[in-house]
Amino acid sequence: KVTPAHDLDDFEIGIRHGLPLVSVIDTEGKMTQEADKYEGMDRYQCRQQILKDLEAYGYLVKTEPIKHAVGHCQRCGSPVEPLISEQWFVKMKPLAEPALKVVQEGDVKFVPERFTKIYEHWMNNIKDWCISRQLWWGHRIPAWYCEDCDEMIVARSEPESCPKCGGKVYQDEDVLDTWFSSALWPFSTLGWPDHTPELEYFFPTDILITGYDIIFFWVARMIFMSIEFTDQPPFHHVLIHGLVRDALGRKMSKSLGNGIDPLDVVEDYGADALRVSLVSGVSMGSDMRFYDEKIEGARNFCNKLWNAARYCFTNLEGWSPGEIWLEGGEENVFQLDQNISMPASRWILSQLELTISSVHDSLERYEPGEALDAIIHFIWDDFCDWYIEFSKEELSNSENQEETKFVLYYVLKTSLALLHPFAPFITEELWSYLPKGKGEDSIMISQYPLPGNFHVDTAAQEDIGALIEVIRGIRNMRAEVNIPTGKREKVIMLVDELKKWEEFAPYIKRLAWADPLEILLKEPDVNPPAKALASVAKGAEVFLPLAGVINIDEEIKRLEKLASEIEEDVLRTEERLSNQEFLTKAPEDIVEKQKKRRQENIEKLETVKKRISMLNQIRIS
Ligand SMILES: [Zn+2]
Ligand SMILES: [Zn+2]
């Protein structure tokens, strides 16, 4: 059978061969007059009746079930009957050509660039666009019809009467496709078709940010509409981001019920934590997964910043950077470079300077995720974990207090400003407690940090870098042999340069509980201590003597027992994971948990075995 009025392919065949378009089903799903004796019947009943009639007349050869694709209504699920109807279309070719050209000529650039292909593919294969919809909501089609002579009038405003016969007119009841209205957004929101100051100032804009799933529906249509009506593309860059998926990587949807209400997340973790977790670690155009650990990490970061700021405020109470500084100006840059002398201060200011540069570099390449990660790394690792700890030592030293306070103030303030676009609420709140200068009442209107305020001090970077290596080395060695945090133990250092390390000694004592700390110049006749753990940093060898700290034999025994326990656990999980019944019957997340457990235990076992062999070596040394 060929039914040109009830099937898209048949319609094409009908057009090619000049077949009549016979509509047998109406918009109510009932049979029309054309259906002759079936007229008025429901479409389902009619199908059954036709079967019966065919059988009765002896025309039915056989019946058998056939699987084929039938469109169903997305709202109510009932089968859709294609009907023929009159609709409004936009002829696309003349619109698509200039829209393709602006992208090919680089006037509109996609970031990441790979999305250009998707755009070009759509535009090269474009079909005429059906823009009329039989819905209640939307812009109405600006077409009127004469009640008397059927004349059609398309106009900007409603005609008073039919220009042909003077009869009454009524407006087309259809509305425009919602994407048609959205396509006008870049200029219609600014007052177009009037030449408003807003249109003059804001159009075209520099950048559009959107998801890759609506490149054709929205981006392409804004581009060709703008070119058609204003002779220019609506923006010069299109920054494409990915979609937020659930923890298993599935698209969030109503039918799966795996959607997340951002307001609930804000309630539980805070708006800044949500924002940070959505930007951090995400590269443009790639999808991201939303899972609890990630947002917990973001919340922990916000808490870390909050606590660091409170530490600063407590120590800065009653202190001010001084009128000259707050007044601002180039002399401050000079001051910063000349008047800051301690290696730790010069190190953190160097790290800050590098962070500011890399943030600008990332933002210029449209990689906000990269920019945020650099800021988080700076605040969390450099500032909170190291500089604040160094500052505790310096604040107890009256000679170094003033500089340390200034650096705490300056670094905190600059960090808040850097982070502000990514965590607006917490940064504004903390900013309000800082001494402020002109134009700094709100962080929102303050200057975004620019590079160039401090010359990176590579010597300070090397020295503090080595210091951090030493402290980490001691902490690791202590962990290897289970020394509790805070318990003071002797450390011996063999160094290339005595003065520098003696200067750093208070930091090492404080941050690695190295007490007593013996620093010796490395010379041919100085031997490393026996029965000690060792680690190496630039310019220093560090030793943790074990005599009196642990009983090596007992520690080996303890570790061997631990190793055999872990081994047993690994065997048990392996047994379970090779059990076919378990694999097929257990829920996916349980299987995943077992796999994760096995992997973690294998890694743990390796560490424990390494420690045992290390201790064995020390025992016989
Ligand atoms: Zn329906
Ligand atoms: Zn008329």
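Helix α16 (residues 401–419) comprises 19 residues and spans 27 Å from its first C-alpha to its last, close to the 27 Å expected at 1.5 Å a residue; the expected span is defined as 1.5 Å times one less than the number of residues in the helix. Helices (H or I, at least four residues) and strands (E, at least two) are DSSP runs numbered from the N terminus. Of the 19 residues of α16, 17 are buried, and the helix is mostly covered. Here buried denotes under 20% relative accessible area, exposed over 50%, and partly exposed the range in between (1.4 Å probe, protein chains only). The model is predicted, with local features requiring pLDDT of at least 70 and side-chain atom pairs counted only at pLDDT 80 or more, while totals for chains, interfaces and linings use all residues. Residues are numbered from 1 along each chain as its sequence is written, chains are lettered from A and ligands numbered from 1 in the order in which they are written, and side-chain values use heavy atoms, with hydrogens and water left out.

Two zinc ions were examined for protein donors, namely N, O and S atoms within 2.8 Å of the metal (3.2 Å for Na, K and Ca); water is not among the atoms, so sites may look incomplete. The zinc ion (ligand 2) has as protein donors the SG atoms of Cys146, Cys149, Cys162 and Cys165, at 2.2 to 2.4 Å. The angles subtended by these four donor atoms are 99 to 115°, so the arrangement is tetrahedral; four donors qualify as tetrahedral if all angles lie between 85 and 135 degrees. The spacing of the donor residues in sequence is C-x2-C-x12-C-x2-C. Because Cys146 is in strand β5 (residues 143–146) and Cys162 is in the loop between β6 (152–154) and β7 (169–171), this pair ties together parts that are 16 residues apart in sequence. Cys146 and Cys162 are both buried.

For the zinc ion (ligand 1), the protein donors are Cys73 (SG) and Cys76 (SG), lying 2.2 Å from the ion. Cys73 counts as partly exposed because its relative accessibility is 27%, whereas Cys76, at 58%, counts as exposed.

A search of the whole structure for salt bridges (a side-chain nitrogen of Lys or Arg within 4 Å of a carboxyl oxygen of Asp or Glu) returned 33. One of these joins the side chains of Lys500 and Asp463, with an N to O distance of 3.2 Å. This pair links distant parts of the chain, 37 residues apart, with Lys500 in helix α19 (residues 498–512) and Asp463 in helix α18 (residues 458–480). Both Lys500 and Asp463 are buried.

Helix α20 (residues 552–577) contains both Glu565 and Lys561, four residues apart, or about one turn of the helix. These residues form a salt bridge in which the closest N and O atoms are 3.9 Å apart. Glu565 is partly exposed at 42% relative accessibility, and Lys561 is exposed at 56%. A further salt bridge joins Glu567 and Lys609, with the closest N and O atoms 3.2 Å apart. That pair also links distant parts of the chain, since Glu567 belongs to helix α20 and Lys609 to helix α22 (residues 588–620), 42 residues apart. Glu567 and Lys609 are partly exposed, at 34% and 44% relative accessibility respectively. Arg43, Arg47 and Glu81 are linked in a network of salt bridges.A nonpolar surface patch of about 330 Å² is made by Phe11, Ile15, Leu21 and Ile84. Patches consist of residues with over 30% relative accessible area and no salt bridge, in which like charges are joined within 9 Å and nonpolar side chains (Val, Leu, Ile, Met, Phe, Trp, Tyr) within 5 Å. Accessible areas come from the Shrake-Rupley method with a 1.4 Å probe, and for residues only the protein chains shown count as cover. Ile84 is located in the loop between α2 (43–56) and β1 (89–90) and, at 32% relative accessibility, counts as partly exposed.

Two cis peptide bonds are described here. The bond joining Trp192 and Pro193 has an omega of about 15°, and Pro193 lies in the loop between α6 (185–188) and α7 (197–202). The bond from Asp515 to Pro516 has an omega near 0°, with Pro516 placed in strand β14 (residues 514–521).

Positive phi values occur at Asp36, about 60°, and at Asp231, about 65°; neither residue is a glycine. Asp36 is in the loop between α1 (8–17) and α2 and is exposed at 61% relative accessibility. Asp231 is in the loop between α8 (215–230) and β10 (235–241) and is exposed at 70%.

Key. Four donors count as tetrahedral if all angles lie between 85 and 135 degrees; four count as square planar and six as octahedral if opposite donors are over 155 degrees apart and all others between 65 and 115; anything else is irregular.
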